[in-house]
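Q: Could you take me on a close look at a single part of this model, a loop and the helices around it? I would enjoy one connected walk through the details.

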Amino acid sequence: MQLFFWGLLIGSFLNVCIYRLPRGESIVTPPSHCTDCGTRLKPWDMIPILSWLLLKGRCRYCGTAIPSRYAAIELLTGILFVWCLEILGLGPALFKTLVLLSFLLVITFIDYDHQLILDKVLLWFAPVGVAINLFINHINFFANAVGYREGFVALQTGLPDMLIGALLGGGAFLLIAVVSRGGMGGGDIKFAASLGLWLGGKFTLLAIFLSFLFGGLAGVLLLLLQRKGRRDMIPFGPFIALGAVVTIL
């Protein structure tokens with residue numbers, strides 16, 4: 001239950017990132033405020049989900065409607081955090097997955113809203129993945145040295161495997177972009193390469209396969225429902241993220 005509440009709080013911060021980063025705004029300053037009237041929000045205005053429910057989805061100060069998606073992202077983050085705990089248990093693998101998941105949520109919703117995968121997000125995403133993998137490698141080395149393996153999940157990714165994952169992820173999407181003459185964006189290529197640093201070669205291949213499976217199914221469904229035409233662009237970042245989540249879990 002504690003992890004669920006931490007997920008709600010982190011989801012609230014992810015909302016700030018999703019809103020501000022595409023607009024070139026700092027995620028630190030100014031403090032949280034109503035985007036319509038500019039009034040600085042009080043702590044009791046920012047309690048995840050609860051504040052939105054008590055305020056009936058409106059700003060306390062000007063009455064402007066607050067999109068329900070803010071509360072939905074908070075709830076989604078909390079649920080996903082608990083789901084990760086149920087599958088992975090406590091340990092380094094859980095820490096890695098929660099950090100990865102947080103990045104993927106930001107990338108997914110920014111790409112969905114703006115059809116952009118921001119370099120400034122990937123410039124954090126890639127090195128954080130390398131650092132966490134190296135940290136887990138160190139933990140696993142110590143566990144092996146003392147003969148303790150309980151609670152450790154096989155998510156160890158060495159530096160060579162990270163480089164292979166980056167080459168496979170970025171190379172596959174670059175090849176698609178060249179063959180399709182622009183059918184895949186540069187942001188998708190860099191995202192796949194960065195993700196490869198997190199997952200390593202084998203898991204990157206699986207994530208890529210799943211992303212195309214999910215993307216293809218979604219595309220067919222949108223065409224059948226006449227929500228999209230054959231030439232309409234569909235952001236692919238969310239499907240890469242979904243493929244990564246399913247792979248790592």
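A: Happy to. Let's begin at Gln 115, which sits in the loop between helix 4 and helix 5 (119-146). Keep in mind that this is a predicted model. Gln 115 has a positive phi, near 55 degrees, although the residue is not a glycine. Most residues other than glycine have a negative phi. The relative accessible area of Gln 115 is 47%, so this residue counts as partly exposed.

From this loop, step back into helix 4, which covers residues 92-114. Helix 4 packs against helix 1 (residues 2-20) at an angle of about 35 degrees, and the two axes are 10 Å apart. The crossing of helix 1 over helix 4 is right-handed. On the helix 1 side, the contact is formed by Leu 3, Ile 10, Leu 14, Cys 17 and Ile 18. Helix 4 contributes Leu 98, Ser 102, Leu 105, Val 106, Phe 109, Ile 110 and Asp 113. By character, the residues of this contact comprise ten nonpolar, one polar and one charged.

Helix 4 also helps to cover helix 3: what lies over the buried residues of helix 3 includes helix 1, helix 2 (50-54), helix 4 and helix 8 (237-248). Helix 3 itself runs over residues 68-88, and its 21 residues reach 30 Å from the first C-alpha to the last, close to the 30 Å expected at 1.5 Å a residue. Its buried residues are Ala 71, Ile 73, Glu 74, Thr 77, Gly 78, Leu 80, Phe 81, Cys 84 and Leu 88. Ser 68, also in helix 3, is partly exposed, with a relative accessible area of 47%. Between Ser 68 and Ser 211 there are 27 Å from C-alpha to C-alpha, with a separation of 143 residues in sequence. After helix 3 comes Gly 89, with a positive phi near 70 degrees.

Helix 8 is another neighbour worth a visit. Ten of its twelve residues are buried, so helix 8 is largely enclosed by the rest of the structure. Those buried residues are Gly 237, Pro 238, Phe 239, Ile 240, Ala 241, Gly 243, Ala 244, Val 245, Thr 247 and Ile 248. Their cover includes helix 3, helix 4, helix 6 and helix 7 (186-224). From its first C-alpha to its last, helix 8 reaches 17 Å, close to the 16 Å expected at 1.5 Å a residue.

Helix 6, part of that cover, spans residues 159-179. It has 21 residues and reaches 30 Å from end to end by C-alpha atoms, close to the 30 Å expected at 1.5 Å a residue. Buried here are Met 162, Gly 165, Ala 166, Gly 169, Gly 170, Phe 173 and Ala 177. Looking down the axis of helix 6, you find these buried residues within an arc of 100 degrees, so they line one face of the helix. The other side of helix 6 carries the exposed residues Pro 160, Leu 167, Leu 175, Val 178 and Val 179. Just past helix 6, Arg 181 adopts a positive phi of about 55 degrees.

Finally, compare our starting loop with others in the chain. Lys 56, in the loop between helix 2 and helix 3, has a positive phi near 55 degrees and is a residue other than glycine. Its relative accessibility is 72%, so Lys 56 counts as exposed. The loop between helix 1 and helix 2 holds Pro 30, and the peptide bond leading from Thr 29 to Pro 30 is cis, with omega near -5 degrees. Most peptide bonds are trans. Thr 39 belongs to the loop between helix 1 and helix 2 as well, and at 27% relative accessibility it counts as partly exposed. Leaving aside residues up to four places away in sequence, Thr 39 touches His 33, Cys 34 and Tyr 61. The C-alpha atoms of Thr 39 and Cys 59 are 9.4 Å apart, and these residues are separated by 20 residues along the chain.

Key
Residues are numbered from 1 along each chain as its sequence is written. This is a predicted model: local features need pLDDT of at least 70, side-chain atom pairs count only at pLDDT 80 or more; totals for chains, interfaces and linings use all residues. Side-chain values use heavy atoms; hydrogens and water are left out. Axes are lines fitted to C-alpha atoms, for helices over the stretch in contact, and angles run from 0 to 180 degrees between N-to-C directions. Helices (H or I, at least four residues) and strands (E, at least two) are DSSP runs, numbered from the N terminus. A crossing is left-handed if the near helix is turned anticlockwise from the far one by less than a right angle, and right-handed if clockwise. Contact means heavy atoms within 4.5 Å. Ala, Val, Leu, Ile, Met, Phe, Trp, Tyr, Cys and Pro count as nonpolar, Asp, Glu, Lys and Arg as charged, and the others, Gly among them, as polar. The expected span of a helix is 1.5 Å times one less than its number of residues. Buried means under 20% relative accessible area, exposed over 50%, partly exposed in between (1.4 Å probe, protein chains only). The arc is that of the directions from the helix axis to the C-beta atoms.
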